[in-house]
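Visitor: I am new to this structure and would like to be shown around. May I see it before we begin?

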Amino acid sequence: MGKILITGGAGFIGSNYAERLLSNGHQVTLFDNLSRKGSVQNLEWLQGKYSSGIKFVQGDVRHFEDVKEAVYKQDVVFHFAAQVAVTSSVVNPREDFEINALGTLNVLEAARLSSNNPLIVYASTNKVYGAMDDVSLVETATRWQYKELPLGISEQNHLDFHSPYGCSKGAGDQYVRDYSRIYSIPTVVFRQSCIYGVRQYGIEDQGWLAHFIISILKDSKIKIYGDGKQVRDILWIDDLLDAYDIVLESPNNFAGQVFNIGGGVDFTVSIWNEIEPIIKDLAGKDLSIQYDDWRPGDQKVYISDITAFSRSGWSPKVDPVTGTKLLWEWISDHIHLL
Ligand SMILES: NC(=O)c1ccc[n+]([C@@H]2O[C@H](COP(=O)([O-])OP(=O)(O)OC[C@H]3O[C@@H](n4cnc5c(N)ncnc54)[C@H](O)[C@@H]3O)[C@@H](O)[C@H]2O)c1
């Protein structure tokens with residue numbers, strides 16, 4: 001598929017996808033400002049593993065000239081670089097806007113001006129659907145659940161950007177979609193739910209499952225915002241990468257479209273009440289937590305309806321118990337870096 005650029009290529013998703021592409025013989029350029037904790041380690045890991053086919057550009061998506069130069073002559077751009085935490089977006093909405101909204105426009109403009117008409121794949125988020133207060137829920141002993149949505153939230157659900165992060169990522173989502181309509185650039189939007197996996201340097205603000213495991217292994221306290229019964233569909237990193245591969249193989253089947261991507265109804269957990277028994281088992285000890293108020297934009301339930309993308313033949317394979325165990329093992333082996 002020619003030359004592939006990954007913005008945010010030293011991040012969790014970016015470094016994992018870079019590794020897969022490099023192992024399949026692709027030429028990959030990583031563009032990252034290395035602002036995320038763990039990004040330097042991810043980059044060193046990739047550079048240690050691959051001496052050819054890989055190029056690294058230290059740059060910032062807010063700077064158009066950097067982006068223009070990096071995108072020029074690329075055949076494919078996976079645009080993952082972002083400010084990823086809702087809480088940080090509330091503290092500094094301008095920075096969040098500049099990285100996520102302006103940064104995405106910069107990538108699109110660079111693609112439009114490159115004359116290469118590259119495929120652009122954008123990592124959007126379920127946060128574009130907002131808190132979904134109008135969706136009826138029921139409460140059980142361990143979780144919240146949808147009353148009337150057996151398959152979860154589909155792409156037809158109305159958009160309701162909530163929190164500065166929701167707004168900035170949502171703006172990017174709509175720009176990416178529109179550049180396909182207006183400029184005929186082949187673009188694909190993946191509205192991703194909770195992704196988890198190896199090389200994830202989870203922090204309280206983002207990457208909650210990795211953050212819980214790191215906290216347990218470091219004997220630090222876990223804070224649960226809300227009641228712990230919030231439900232998420234969780235998707236193991238390799239399953240997400242399989243979806244990217246499908247688009248990469250036949251972009252024309254997907255150009256101009258938007259897809260919800262997550263574990264779907266089969267792979268859901270409540271963030272504490274149902275995860276606790278799994279990680280307690282792995283830890284071999286009781287876990288202590290502290291409850292705090294709900295955070296802005298926190299959805300009580302988010303489950304992706306993955307029917308649309310599943311028509312490609314894709315389906316998530318790694319269930320939450322298996323995935324959590326794999327993540328536990330990776331974090332245990334790398335706790336000195338975290
Ligand atoms: N991980 C998830 O569960 C999840 C869910 C939905 C959407 N997403 C989206 O997927 C993408 C990747 O997420 P991730 O989990 O790998 O996050 P990550 O923080 O690990 O990776 C993002 C990378 O972008 C880089 N970056 C940040 N600001 C930059 C800037 N101004 N210029 C250049 N690089 C910059 C960081 O250094 C980091 O390496 C993001 O766009 C995120 O919004 C992730």
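Visitor: Where does D219 lie?

Guide: D219 is in the loop that links α7 (208-217) and β10 (222-225). Please note that this is a predicted model.

Visitor: Is D219 buried or exposed?

Guide: D219 has 7 other C-beta atoms within 10 Å, so it is exposed. The limit for an exposed residue is 12 or fewer.

Visitor: And what is its backbone like, say phi of D219?

Guide: Phi of D219 is near 60°, which is a positive value in a residue other than glycine. L34 also has a phi near 60°, again positive in a residue other than glycine.

Visitor: Where is L34 found?

Guide: L34 belongs to the loop between β2 and α2. There are 16 other C-beta atoms within 10 Å of L34, so this residue is partly exposed.

Visitor: Let us turn to β2, then. How many of its residues are buried?

Guide: Strand β2 covers residues 27-32, and 5 of these 6 residues are buried, so the strand is largely enclosed by the rest of the structure.

Visitor: Which way does β1 run against β2, parallel or antiparallel?

Guide: Strand β1 (residues 3-7) and β2 run parallel, joined by 5 bridges. One of the pairs is K3, whose bridge partner in β2 is Q27. On the connection between them, β1, helix α1 (residues 12-23) and β2 form a right-handed β-α-β unit.

Visitor: What about β2 and β3: how many bridges are there?

Guide: There are 5 bridges between β2 and strand β3 (residues 54-58), and the pairing is parallel. Within that pair, T29 stands opposite K55 in β3. A right-handed β-α-β unit is made here by β2, helix α2 (residues 39-49) and β3.

Visitor: What is the order of the strands in the sheet?

Guide: The sheet is open and has 7 strands in the order β3-β2-β1-β4-β5-β8-β12, with parallel pairing. Its edge strands are β3 and β12 (257-261), each of which pairs on one side only. On average, neighbouring strands of this sheet are turned by 20° against each other, with direction ignored.

Visitor: How many residues of β12 are buried?

Guide: In β12, 4 of the 5 residues are buried, so this strand is largely enclosed by the rest of the structure.

Visitor: Which residues in β12 stand opposite F190 and partner V188?

Guide: F190 stands opposite F259, while the bridge partner of V188 is Q257. These pairs belong with strand β8 (residues 187-192) and β12, which pair in the parallel sense over 5 bridges.

Visitor: Which strands does helix α8 touch?

Guide: Helix α8 (residues 237-249) packs on the sheet and touches β4 (76-79), β5, β8 and β12. The direction of α8 makes about 165° with that of β8.

Visitor: And which strands does helix α6 lie across?

Guide: Helix α6 (residues 163-183) lies across β5 (119-125), β8 and β12, and runs at about 150° to β5. C167 has its place in this helix.

Visitor: Why does C167 count as buried?

Guide: C167 counts as buried because it has 20 C-beta neighbours inside 10 Å. The cut-off for a buried residue is 20 or more.

Visitor: How far is C167 from I203?

Guide: The C-alpha atoms of C167 and I203 are separated by 22 Å, and the two residues are 36 residues apart along the chain.

Visitor: New topic: the ligand. Which residues come nearest?

Guide: There are 28 residues around the ligand, and G8, G11, I13, A82 and A123 come nearest. The elements giving two or more residues to the shell are α1, α5 (93-114), β5 and β9 (194-196). Helix α1 supplies the largest share, 3 residues.

Visitor: Finally, the chain as a whole. How many helices and strands has it?

Guide: The chain has 11 helices and 15 strands. Its radius of gyration is 19 Å, close to the 20 Å that the globule rule gives for 338 residues, so the chain is as compact as a globular protein of that length. Along the principal axes, the C-alpha atoms fill a box of roughly 55 × 45 × 40 Å.

Visitor: What share of the residues is buried?

Guide: Buried residues make up 48% of the 338 residues. As for contacts with a separation of 6 or more, 82% are between residues 24 or more positions apart.

How values were computed:
Residues numbered from 1 in each chain as written. Predicted model: local features only at pLDDT ≥ 70, side-chain atom pairs only at ≥ 80, totals over all residues. Pairing = 2+ DSSP bridges. Right-handed = clockwise from strand over helix to strand, strands pointing away. Axes fitted to C-alpha atoms, helices over the stretch in contact; angles between N-to-C directions. Contact = placed C-beta atoms within 7 Å. Rg over C-alpha atoms; globule rule 2.2 N^0.38 Å. Near = placed C-beta within 6 Å.
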